[in-house]
Amino acid sequence: MSAFALAGAAVLLLAWLLAAAAGLAVRRWAALGAGAISAAGALVAAAYLLDGAPPATLALPIGLPGLPMTLALDGLSGFFLLLLMLLGAAAGAAALDERRPPATAPCLPVFLAAMALCLLAGERHQRRIAS
């Protein structure tokens, strides 16, 4: 379960960035995408925490030159990811409630992706990039 949850978190990061790109055309799509992706992420984080899975790491071939980007997921980061996902879903739902979403709506998925990357950072070089 831990490898699945970590791979799911990496896919969610990419999905948030795609929602932000779609939100540049229609701002409501950014809010809808952020809310839906956050709700799915909350389910993955809750399943990870309830399963009691061991910590997992995932090394991706992107990052600083010569160094892989390492994502790490443990119980503490899983708990804070659950909080982030729940608040992201609530923010996406609140943004959908407005008649005309604000011009900063495409920034919500980017912000959520950056916060999740900070929580999943597995080494100090990646934390420096995410900050």
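Here a visitor and a guide talk through a predicted model.

Visitor: How do you know how confident the predictor is in this protein?

Guide: Look at pLDDT, which runs from 0 to 100. The protein has a mean of 79, and 89% of its residues reach 70 or more.

Visitor: Where is confidence lowest, and where is it highest?

Guide: The lowest is helix H5 (residues 124–130), with a mean of 55, while H3 has the highest, at 89. Where pLDDT is low, don't read the predicted coordinates in detail.

Visitor: Why are H3 and H4 called roughly antiparallel?

Guide: Start with the angle: the axes of helix H3 (residues 75–97) and H4 cross at roughly 175 degrees, and they come within 10 Å. Angles over 145 degrees count as roughly antiparallel, so that is what we call H3 and H4.

Visitor: Which residues in H3 and H4 meet?

Guide: On the H3 side you'll find Ser77, Phe80, Leu81, Leu84, Gly88, Ala91 and Gly92, and these meet Leu108, Leu112, Met115, Ala116, Leu119 and Leu120 in H4. Sorted by class, that contact has ten nonpolar, three polar and no charged residues.

Visitor: And what makes H2 and H4 roughly parallel?

Guide: Again it's the angle. Helix H2 (residues 27–51) packs with H4 at about 30 degrees, and their axes are 8 Å apart. Anything under 35 degrees counts as roughly parallel, so H2 and H4 earn that name. Ala30, Ala34 and Ser38 of H2 make the contact with Leu108, Pro109 and Leu112 of H4. Five of the residues in this contact are nonpolar, one is polar and none is charged.

Visitor: What is the volume of the largest pocket, and which residues line it?

Guide: Its volume is about 230 Å³. The lining is made of Ala10, Leu13, Leu14, Leu17, Leu60, Ile62, Met69, Leu71, Val110, Ala113, Ala114 and Leu117. Helix H1 (2–25), strand S2 (69–73) and helix H4 (107–120) are the elements that each give two or more residues to that lining.

Visitor: How do you know whether the lining of the largest pocket is nonpolar, polar or charged?

Guide: Check each residue's class: Ala, Val, Leu, Ile and Met are among those that count as nonpolar. The lining divides into twelve nonpolar, no polar and no charged residues.

Methods: Residues numbered from 1 in each chain as written. Predicted model: local features only at pLDDT ≥ 70, side-chain atom pairs only at ≥ 80, totals over all residues. Heavy atoms only, no water. 1 Å grid on protein atoms, 1.4 Å probe; cavity = no way out; pocket = protein on both sides within 12 Å on 5 of 7 lines; lining within 4 Å. Points joined across faces, edges and corners; volume = space filled by probe spheres on them. Helix = DSSP H or I, 4+ residues; strand = E, 2+ residues; numbered from the N terminus. Axes fitted to C-alpha atoms, helices over the stretch in contact; angles between N-to-C directions. Parallel < 35°, antiparallel > 145°, perpendicular 65-115°, else oblique. Contact = heavy atoms within 4.5 Å. pLDDT = per-residue confidence, 0-100.
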